[in-house]
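Biologist: Before I read anything into a model like this, could you show me how to go from a list of residues to a picture of how helices pack?

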Amino acid sequence: MSKIGEKLKKLREDNNYTQQQIANYLKVDQGQISKIENEERSLNLDLLDKISMLYDCSHEYILDESNDYSPNKFAFRLNNNNPNLEAVSKMNQIINNLKFLRKLDNEE
């Protein structure tokens with residue numbers, strides 16, 4: 001298994017998600033997630049974007065071009081049996097937008 005597959009599997013496991021939950025979020029077959037994690041299939045840009053937003057990390061981190069990873073930490077109650085990964089992704093996007101606006105405000 002290469003670093004990209006290992007990294008994706010570790011991110012998934014660290015967040016307590018199943019391959020099926022990730023597949024549902026990405027709107028792909030669970031077998032495709034397994035193949036991506038085992039480096040039998042590569043990520044396309046759309047999947048890379050969605051995965052980056054879900055885990056709040058850069059493309060470079062997933063593609064093993066960077067080790068910089070500091071995800072948002074926020075309290076968000078999930079149904080562990082059926083987490084709404086789309087909501088998690090959107091929350092990460094909102095938090096990052098707010099951080100960006102705060103940074104702009106501090107520059108003025």
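**Reading helix packing**

Modeller: Let us begin with burial in this predicted model: in helix α3 (residues 30-37), the buried residues are Gln 32, Ile 33, Ile 36 and Glu 37. Around the axis they span an arc of only 135°, and therefore they lie on the same side of α3.

Biologist: Which helices do the buried residues of α3 pack against?

Modeller: Their partners are α1 (3-14), α2 and α4 (45-55).

Biologist: How should I read the crossing of α2 and α3?

Modeller: An angle of 65 to 115 degrees counts as roughly perpendicular. The axes of α2 (residues 19-26) and α3 cross at roughly 110° and come within 8 Å, so the two helices are roughly perpendicular to each other. On the α2 side the contact involves Gln 19, Gln 20, Ile 22, Ala 23 and Leu 26, and on the α3 side Gln 30, Ile 33, Ser 34 and Glu 37; by class, that is 4 nonpolar, 4 polar and 1 charged residues.

Biologist: Where does α2 meet α6, and at what angle do their axes cross?

Modeller: The axes of α2 and α6 come within 9 Å and cross at roughly 70°, which means that α2 is roughly perpendicular to α6. Gln 21, Ile 22 and Tyr 25 of α2 meet Leu 85, Glu 86 and Ser 89 of α6, a contact with 3 nonpolar, 2 polar and 1 charged residues.

Biologist: How confident is the prediction in the protein chain?

Modeller: Where pLDDT is low, predicted coordinates should not be read in detail. Here the protein chain averages a pLDDT of 89, and 91% of the residues score at least 70.

Terms used
Residues numbered from 1 in each chain as written. Predicted model: local features only at pLDDT ≥ 70, side-chain atom pairs only at ≥ 80, totals over all residues. Heavy atoms only, no water. pLDDT = per-residue confidence, 0-100. Helix = DSSP H or I, 4+ residues; strand = E, 2+ residues; numbered from the N terminus. Axes fitted to C-alpha atoms, helices over the stretch in contact; angles between N-to-C directions. Parallel < 35°, antiparallel > 145°, perpendicular 65-115°, else oblique. Contact = heavy atoms within 4.5 Å. Nonpolar A, V, L, I, M, F, W, Y, C, P; charged D, E, K, R; others polar. Buried < 20%, exposed > 50% of the residue type's maximum accessible area, 1.4 Å probe, protein only. Arc of directions from axis to C-beta.
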